[in-house]
Amino acid sequence: MTKSDGFKLLGTAASPFVNRVQFVLNLKSIEYEYIVENLACKSELLLTSNPVYQKVPVLIHANKPPIPESLVIIEYLDEMYPDVHPILPSNPLDRAENRFWASYIDNKFFPLFEELRKTPDKEEKEAIKKQIIEGSQLLEEAFVKVSKGKDYFGGDDAGYLDVVLGCFLAWVKFVEKRNEFNIIDEVRTPKLKKWVNRIWSHEAFKDVFPGSETLMNLFMMLQTHKPPRKI
Ligand SMILES: N[C@@H](CCC(=O)N[C@@H](CS)C(=O)NCC(=O)O)C(=O)O
């Protein structure tokens with residue numbers, strides 16, 4: 001780690017949105033203090049630093065105002081440290097395309113996982129699984145276009161979309177196993193399948209991914225405990 005600028009990150013281990021920020025902090029070799037948040041009993045620090053959403057992650061940079069929302073945080077870090085492992089492309093059109101797919105992932109693709117968890121009905125579950133598979137095929141096409149034939153969405157190394165989608169891979173695996181279907185596989189999404197292996201073993205990511213026990217604990221908490229706000 002090279003920089004120590006007084007960063008504090010409020011988070012929980014099983015949160016992909018928190019992992020997303022950790023990926024970027026690691027890519028940019030930024031030291032930070034990790035403050036574990038209990039979402040079942042939120043701290044005063046979380047409630048005052050993210051009063052609008054009351055969610056993790058929140059990044060606190062020295063004595064500046066806290067920054068909530070994972071995408072806002074990672075773009076802030078990219079703007080603050082443009083010379084160390086830039087994650088967004090320099091071309092405005094490429095940047096727009098990256099942001100478009102990030103919005104698709106956060107607002108359309110990943111929410112389907114939550115819908116699948118909440119739906120007790122078998123037929124509805126099958127319909128949601130189909131939508132998730134269709135979504136993964138769209139993401140395969142996005143990968144082909146954005147990566148321009150290279151190993152990552154970001155080109156030769158991990159960039160913005162590698163972080164934005166990569167943070168969900170532990171959950172993808174968990175959901176695949178629990179619901180007995182493949183979201184990313186050799187036949188329908190061959191390029192993404194190879195990309196997944198690269199992300200799992202990437203130096204900046206591999207130690208951040210939560211284990212299956214951590215995911216199961218959060219999953220059980222969500223099933224039994226109604227969070228004060230929508231997760
Ligand atoms: N759009 C937010 C989503 C963050 C989010 O959903 N965080 C969850 C943990 S995975 C949370 O803090 N939930 C607490 C709650 O809903 O009360 C981001 O990108 O940071």
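**View 1. The second largest pocket of this predicted model.** The volume here comes to about 280 Å³. Nineteen residues form the lining, and those closest to the pocket centre are Pro-89, Val-146, Phe-153, Gly-154 and Gly-155. Two elements each put two or more residues into this lining: helix H4 (92–109) and helix H6 (122–147). H4 is the top contributor, with three residues.

**View 2. The largest cavity and what lines it.** Scan the whole structure for cavities of 30 Å³ or more and you get just one. The largest cavity has a volume of about 50 Å³. Around this space sit Phe-109, Ser-136, Leu-139, Leu-165, Phe-168, Leu-169, Val-172, Ile-183, Ile-184 and Leu-192. H6 turns up again here: along with helix H8 (169–179), H6 gives two or more residues to the cavity lining. As for the approach behind a view like this, rolling a probe the size of a water molecule over the atoms shows where empty space is left.

**View 3. The largest nonpolar core, with Leu-77 picked out.** The core has 71 residues, and the members touching the most others are Leu-77, Ile-132, Leu-161, Ile-183, Trp-195 and Phe-205. Both domain 1 (3–85) and domain 2 (92–201) supply at least three residues to this core. Ile-183 also belongs to the lining of the largest cavity. Zoom in on Leu-77 and, once residues up to four places away in sequence are set aside, the contacts are Phe-7, Val-21, Val-24, Leu-25, Lys-28, Ile-30 and Leu-59.

**View 4. The stretch from 5 to 85.** UniProt, in an unreviewed entry, labels residues 5–85 "domain: GST N-terminal". Helix makes up 36% of the chain over this range and strand 25%. From end to end, the C-alpha atoms are 17 Å apart.

**View 5. Ser-43 and Asn-50, two loop residues.** Ser-43 belongs to the loop that runs between strand E2 (30–36) and helix H2 (44–49). Asn-50 is in the loop between H2 and strand E3 (58–61). Buried or exposed: where does Asn-50 fall? Asn-50 counts as buried, because its relative accessibility is 1%, and the cut-off for buried is under 20%. Ser-43 has a relative accessible area of 26%, so Ser-43 is partly exposed. Ignoring neighbours within four places in sequence, Asn-50 makes contact with Lys-55, Val-58 and Pro-68. One more distance for this view: Ser-43 and Asn-63 are separated by 20 residues in sequence, and their C-alpha atoms by 19 Å in space.

Methods:
Residues numbered from 1 in each chain as written. Predicted model: local features only at pLDDT ≥ 70, side-chain atom pairs only at ≥ 80, totals over all residues. Heavy atoms only, no water. Core = buried A, V, L, I, M, F, W, Y, C linked by side-chain atoms within 4.5 Å. Buried < 20%, exposed > 50% of the residue type's maximum accessible area, 1.4 Å probe, protein only. Domains from an automatic or database assignment. Contact = heavy atoms within 4.5 Å. UniProt positions renumbered as here; feature names shortened; annotations may be inferred. Helix = DSSP H or I, 4+ residues; strand = E, 2+ residues; numbered from the N terminus. 1 Å grid on protein atoms, 1.4 Å probe; cavity = no way out; pocket = protein on both sides within 12 Å on 5 of 7 lines; lining within 4 Å. Points joined across faces, edges and corners; volume = space filled by probe spheres on them.
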